Amino acid sequence: MTFSDAWLFLQQGLLSGLVTGSVYALLALAIVAVFKTTDVPNFAQGEMFMIAGYIALSLLLMGKLPYAIVIPLTLAAMAIGGALFQRLVMERVTGSRGVGVQLVIATLGLAYVLKGLVRQTGLGDTPRSLPALVSSDPVLIGDAALTRLDVAIFVVAVVVMVLIYLMFTHTRIGKAMRAVGMNPRAAQIVGIRLSRIRMLVWAMAGLIGALVALLITPKVLITPDIAHIAILAYAAAIVGGFTSLPGAVLGGLVIGVVENLVGLFISTNAIVVAPFLAILVTLIVRPQGLLGGKTQVKKV
């Protein structure tokens with residue numbers, strides 16, 4: 001490999017990695033936000049993202065609705081669905097003195113229900129993708145090439161991340177979410193309703209899942225197994241720090257770039273292993289993640 005080839009691969013890997021990493025970062029944000037406010041890892045985030053893709057596909061192909069209606073309907077449906085799951089399932093499990101394991105099983109149950117629903121209704125029989133709103137014409141950045149759709153995905157993802165940051169730092173609801181994440185009992189003492197905040201966080205998780213589905217399903221086929229993308233979002237959350245929202249973004253970008261560089265410089269077969277190697281290295285060097293807080297030791 002010549003130096004010019006290596007330089008081209010490096011540019012391509014970085015740019016393509018930022019695009020895919022921005023998608024992982026959004027899903028990781030949803031996972032970390034739910035974990036910080038409920039102490040429960042949401043193992044249904046991938047299926048929430050998957051079902052959002054099928055909702056949009058059904059509205060477009062079966063309902064013959066335009067994108068201008070499909071997008072808000074899909075976002076609203078997933079936000080309401082996430083909030084209802086927290087209110088009707090998670091809150092009842094917590095109210096019956098359910099422990100963390102039972103709450104985790106509840107999220108796993110949601111994942112299997114959503115995947116089973118898609119398989120039983122026949123929606124997942126034929127892999128399909130959403131029609132793209134943005135063309136796939138190439139865009140040259142340096143020596144590397146992206147498509148207009150790639151650029152749109154990255155720009156929208158960054159804008160959403162900025163909006164989420166502004167929400168957490170400049171709105172009362174965002175500050176309440178942060179307070180619940182830091183100390184739920186103290187937040188409750190000062191008048192914050194935990195049930196309401198947790199419903200809003202689950203609604204946000206559903207909203208983000210729907211947004212990711214709308215962004216990437218024009219590029220990839222929608223199948224019941226597309227939810228495995230959430231595994232990479234979990235990898236991003238672990239690398240960045242499972243209790244850090246900025247860490248989730250950083251971890252997503254790191255995983256995306258590492259995946260693409262490994263695929264270009266080593267082998268496409270090694271792409272599957274790359275995120276887990278990144279997790280392994282992170283856990284050895286900095287167990288709390290790149291931007292995680294201090295390691296806490298708890299008595300069992």
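**Salt bridges, buried residues and an enclosed cavity**

Arg87 has a relative accessible area of 39% and therefore counts as partly exposed, a class that covers values between the buried limit of 20% and the exposed limit of 50%. The structure described here is a predicted model. Within this model, Arg87 is joined to Glu91 by a salt bridge, in which the closest N and O atoms are 3.7 Å apart. Both Arg87 and Glu91 belong to helix α3, which spans residues 67-95. The two are four residues apart, or about one turn of the helix. Glu91 has a relative accessible area of 25%, so this residue is also classed as partly exposed.

Side chains of opposite charge can pair when their charged atoms come close. Over the whole structure, the search gives four salt bridges, and the pair formed by Arg87 and Glu91 is one of them. Another pairs the side chains of Glu47 and Lys115, with an N to O distance of 3.6 Å. Glu47 is located in helix α2 (residues 45-61) and Lys115 in helix α4 (residues 100-121), so this salt bridge ties together parts that are 68 residues apart in sequence. The two partners fall into separate accessibility classes: Glu47 is buried, since its relative accessible area is 10%, whereas Lys115, at 22%, is partly exposed.

A further salt bridge links Asp225 with Arg119, and here the closest N and O atoms are 3.1 Å apart. Asp225 is in the loop between α8 and α9, while Arg119 is in helix α4, so the pair ties together parts that are 106 residues apart in sequence. Asp225 is partly exposed, because its relative accessible area is 45%. Arg119 has a value of 44% and so counts as partly exposed as well.

The loop that holds Asp225 also contains Thr217, which lies between α8 and α9 (229-240). Thr217 has a relative accessibility of 2% and therefore counts as buried, the limit for that class being under 20%. A polar contact runs from the side chain of Thr217 to the backbone oxygen of Ala213, at a distance of 2.3 Å. When residues up to four places away in sequence are not counted, Thr217 touches Ser129, Leu130 and Ile222.

Phe85 is a second buried residue considered in detail; its relative accessible area is 10%, so it falls under the 20% limit. Phe85 is placed in helix α3, the helix that also carries Arg87 and Glu91. Apart from neighbours within four places in sequence, Phe85 makes contact with Met90, Ala106, Thr107, Leu110 and Trp202. Between Phe85 and Ile229 the separation is 144 residues in sequence and 22 Å in space, taken from C-alpha to C-alpha.

Empty space inside the model was examined next. Rolling a probe the size of a water molecule over the atoms shows where empty space is left. The count is one cavity of 30 Å³ or more. The volume of the largest cavity is about 60 Å³. Its lining consists of Ala33, Lys36, Thr37, Phe168, Met177, Arg178, Gly181, Val201, Met204 and Leu245. Three helices each contribute at least two of the lining residues, namely α1 (3-38), α6 (172-182) and α8 (194-216). Sorted by class, the lining of the largest cavity comprises six nonpolar, two polar and two charged residues.

Two loop residues were noted for their backbone angles. Most residues other than glycine have a negative phi. In Asp39, however, phi is positive, with a value near 60 degrees. Asp39 is part of the loop between α1 and α2. The relative accessibility of Asp39 is 57%, so the residue counts as exposed, a class for values over 50%. Lys64 likewise has a positive phi, near 55 degrees. The position of Lys64 is in the loop between α2 and α3. Lys64 is also exposed, because its relative accessible area is 66%.

Conventions:
Residues numbered from 1 in each chain as written. Predicted model: local features only at pLDDT ≥ 70, side-chain atom pairs only at ≥ 80, totals over all residues. Heavy atoms only, no water. 1 Å grid on protein atoms, 1.4 Å probe; cavity = no way out; pocket = protein on both sides within 12 Å on 5 of 7 lines; lining within 4 Å. Points joined across faces, edges and corners; volume = space filled by probe spheres on them. Nonpolar A, V, L, I, M, F, W, Y, C, P; charged D, E, K, R; others polar. Buried < 20%, exposed > 50% of the residue type's maximum accessible area, 1.4 Å probe, protein only. Polar contact = N/O pair within 3.5 Å; in protein donor to acceptor, adjacent residues only side chain to side chain. Contact = heavy atoms within 4.5 Å.
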